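User: I have a structure open and want to talk it through. Can you start with the overall picture and then go into some detail?

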Amino acid sequence: MIKFEVSDDFYLNGESFKILSGAIHYFRIHPDDWYHSLYNLKALGFNTVETYVAWNLHEPSKGQFNFDGILDLERFLDITRDLGLYAIVRPSPFICAEWEFGGLPAWLLNEDIRIRTSDPDYLKHVADYYDVLLPKLVKRQFDHGGNILMMQVENEYGSFGEEKKYLRALKDLMTTRGITVPLFTSDGPWRATLRAGSMIEDDILTTGNFGSKARLNFKDMQDFFDEHGKKWPLMCMEFWDGWFNRWKEPIIRRDPKELAEAVRECIELGSINLYMFHGGTNFGFMNGCSARGVTDLPQVTSYDYDAPLDEQGNPTAKYFALKEMLQEVFPDIEQQEPLVKESIEKAGIPLKDKVSLFSTLDTLAHPIETVYPLTMEKLGQSTGYLLYRTAVENDKQEAERFRLIDGRDRAQFFINEKHIATQYQAEIGEDIMYQLKEGRSQLDVLMENMGRVNYGHKLLADTQRKGLRQGVMADLHFLTGWKQYSLPLDNVEAIDFSGEWQEGLPAFYRYEVDLDHLEDTYLDLAEFGKGVAFINGVNLGRFWNVGPILSLYIPKGFLREGKNEIIIFETEGQAAQSIHLVKTHHYKQMEEA
């Protein structure tokens, strides 16, 4: 008998089964480290791993799919199987996860659709994606001889909508493509979100998401089950053992012993998935953003989450507190010593080359010319930076009034390659006063997409379209004749370092370091302002000296024996003549939350 089923309990091959699961997102961890993290999950005594699937990584452009390298979901699942772990997979189109646009591809913003609804055109895009994704999962289902126990239909939909027709359409997309394992939804544990986001009427398991007070939250869920005559096992699909972090805010920490006791309360009543077990890293431009009234709050590159494994994948005090608690609750549990990785350091890596963005702009991008500026999405770009350029004529002897009309997210304003102003969401639209020289001047606006929101009502908002969305006004009129340079920075090998460097302007800095022994390390960027860093062409993610973290994690797998190239794109004119690789993160001195 090979079967996993949900009735009054979870049953694996006919025997009652308590799910002890931990979340590990394959796309946030270097593939060389998947085994390390999964082994440590198994060594704790857990039996299952859970992962989201990020649509925007697997279909970055419409109809173009990628499942290689860090996106090789099948290899990740094979490693889990070989370690004797079961899997819960959450392939819902939307994942939240503090991830760029909640995992939705940015190209959807060019489509005339309403996301996360029964809009036929939206569902057609999901279907096209599932046609490629789901065959990779079907053969790995438990009832097909694989290790996938359950899959999710949608994610926290009760915190967004209540359209059951949409949820049933997603379920049908899955089942008609061969998904036969039990399906589930996950929502906040109170009645409003459960009613709106669950599929209890369709006999789809309802699970809850919370990080404490399991007895109270499970009671709310049980009351909802009783209301609908369901005798289901209780499960927390996201037990938040830490939290994510945003720029300018202190690191969030949770006491290990308090967490262990909160988890004890949960597993004594039901099953659990720790979110996160290993958080990992938002490599590239993949950090999400918290929606707020006017100014949204982007999240940092590190997704450490204060989890049982740190960003590097090594056990923390939480890991050992959980291990001790599990031994008390389950005296016969099988546990092993966790694996621990080493780190290396290298001080005083000298600067080799530097060049201003303006001096190498034409080697990085071919300008697209339009009368009025286009958004990032209309230009076929999803993430990164975008430089807008036009000419402006001096009409008077006093300072001219400029205004950026409706831009996202962060704008740097230049006249004749001189920095005049920087504006973020709340400031964009305010007056920029500048005395122009006689004749015509070059006007540049460098826009940074700092991350699309990953949760809430703004998923439907026009604010998720990035760049200059209306234009730039001088005096009382919109300027015309724009050149637009797309800068996703996926081609740093095209930088021409023979060009001029100008102080105070956005620039690229190149360093080289020889390594004869490879281990994980961290790039200390405390002397830099704001930007992104690359190691051997790989985008490590964003840095910003506002904190709380002043460094970027570099997995061993991104390094090479011998020469390694580090390129830093810095936008504020703050850089260092030498850089340092260090053994752990450099944190800004801020009060901890």
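Analyst: Sure. This is a predicted model. Its secondary structure comes to 10 helices and 31 strands.

User: How compact is the protein for its length?

Analyst: The radius of gyration is 25 Å, close to the 25 Å that the globule rule gives for 593 residues, so the protein is as compact as a globular protein of that length.

User: And what does the C-alpha trace span along its principal axes?

Analyst: About 85 × 55 × 40 Å.

User: What percentage of the residues count as buried?

Analyst: Of the 593 residues, 61% are buried. The exposed surface of the protein is about 22200 Å², with carbon and sulfur atoms supplying 47% of that area.

User: What about contacts between residues at least 6 apart in sequence: what share join residues at least 24 apart?

Analyst: That share is 80%.

User: Switching to helices. At what angle do α1 and α3 cross?

Analyst: Roughly 35°. Helix α1 covers residues 34-44 and helix α3 covers residues 73-82, and their axes come within 10 Å.

User: Is that crossing left-handed or right-handed?

Analyst: The crossing of α1 and α3 is right-handed.

User: Which residues meet there?

Analyst: From α1, Trp34, Tyr35 and Leu38. They meet Arg75, Phe76, Ile79 and Thr80 of α3.

User: How many of those are nonpolar, polar and charged?

Analyst: The contact of α1 with α3 has 5 nonpolar residues, 1 polar and 1 charged.

Key:
Residues are numbered from 1 along each chain as its sequence is written. This is a predicted model: local features need pLDDT of at least 70, side-chain atom pairs count only at pLDDT 80 or more; totals for chains, interfaces and linings use all residues. Side-chain values use heavy atoms; hydrogens and water are left out. Axes are lines fitted to C-alpha atoms, for helices over the stretch in contact, and angles run from 0 to 180 degrees between N-to-C directions. Helices (H or I, at least four residues) and strands (E, at least two) are DSSP runs, numbered from the N terminus. A crossing is left-handed if the near helix is turned anticlockwise from the far one by less than a right angle, and right-handed if clockwise. Contact means heavy atoms within 4.5 Å. Ala, Val, Leu, Ile, Met, Phe, Trp, Tyr, Cys and Pro count as nonpolar, Asp, Glu, Lys and Arg as charged, and the others, Gly among them, as polar. The radius of gyration is taken over C-alpha atoms; the globule rule is 2.2 Å times the number of residues to the power 0.38. Buried means under 20% relative accessible area, exposed over 50%, partly exposed in between (1.4 Å probe, protein chains only). Accessible areas come from the Shrake-Rupley method with a 1.4 Å probe; for residues, only the protein chains shown count as cover.
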